[in-house]
Amino acid sequence: MAANLTQEQLAEKMDVAGNTISRIETGATVMGIDKLFRLCEELHATPDMFCPERFYKNSETSLAESVAALMRRLDQANQKLVYDMMVPLISRLLETQGQQ
């Protein structure tokens, strides 16, 4: 996960105030999901590396919200591509769940 960036450089790349990265590290502030994904991009990391328990296990909607946030970052053509792949997969999984 080493990106060889100072806190100030990372803050600049994320378009946040200079002390924001330090405040996130110390828990003095909480970042929104959009900033979390931006941080992951800059550090070549995944969200679970920063908050595994809260991100994936706090509520059933966490994963759905994460997918929605990622989808919003795609252009419309790629959103449709992902949607077209997800619908049959989800339908199949729902059928499988119903059989249990």
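Me: Before we start, what is pLDDT?
Reply: Happy to help! This model is predicted, and each residue carries a score from 0 to 100 for the predictor's confidence. That score is called pLDDT.

Me: In which helix is confidence lowest, and in which is it highest?
Reply: Across the protein chain the mean pLDDT is 80, with 83% of residues at 70 or more. Where pLDDT is low, the predicted coordinates should not be read in detail. Confidence is lowest in helix H4 (residues 52-57), at a mean of 51, and highest, at 90, in H1.

Me: Are H1 and H3 parallel, antiparallel, perpendicular or oblique to each other?
Reply: Helix H1 (residues 7-14) packs with helix H3 (residues 33-43) at about 120°, and their axes are 10 Å apart. Angles of 65 to 115 degrees count as roughly perpendicular, and those over 145 as roughly antiparallel. The angle therefore makes H1 and H3 oblique.

Me: Which residues of H1 make the contact with H3?
Reply: On the H3 side, the contact uses Lys35, Arg38, Leu39, Glu42 and Leu43. On the H1 side are Leu10, Lys13 and Met14.

Me: How far apart, N to O, are the side chains of arginine 38 and glutamate 42?
Reply: Both lie in helix H3, four residues apart, about one turn of the helix. Their side chains meet in a salt bridge, with an N to O distance of 3.5 Å.

Terms used. Residues numbered from 1 in each chain as written. Heavy atoms only, no water. Axes fitted to C-alpha atoms, helices over the stretch in contact; angles between N-to-C directions. Helix = DSSP H or I, 4+ residues; strand = E, 2+ residues; numbered from the N terminus. Parallel < 35°, antiparallel > 145°, perpendicular 65-115°, else oblique. Contact = heavy atoms within 4.5 Å. Salt bridge = Lys/Arg side-chain N within 4 Å of Asp/Glu carboxyl O.
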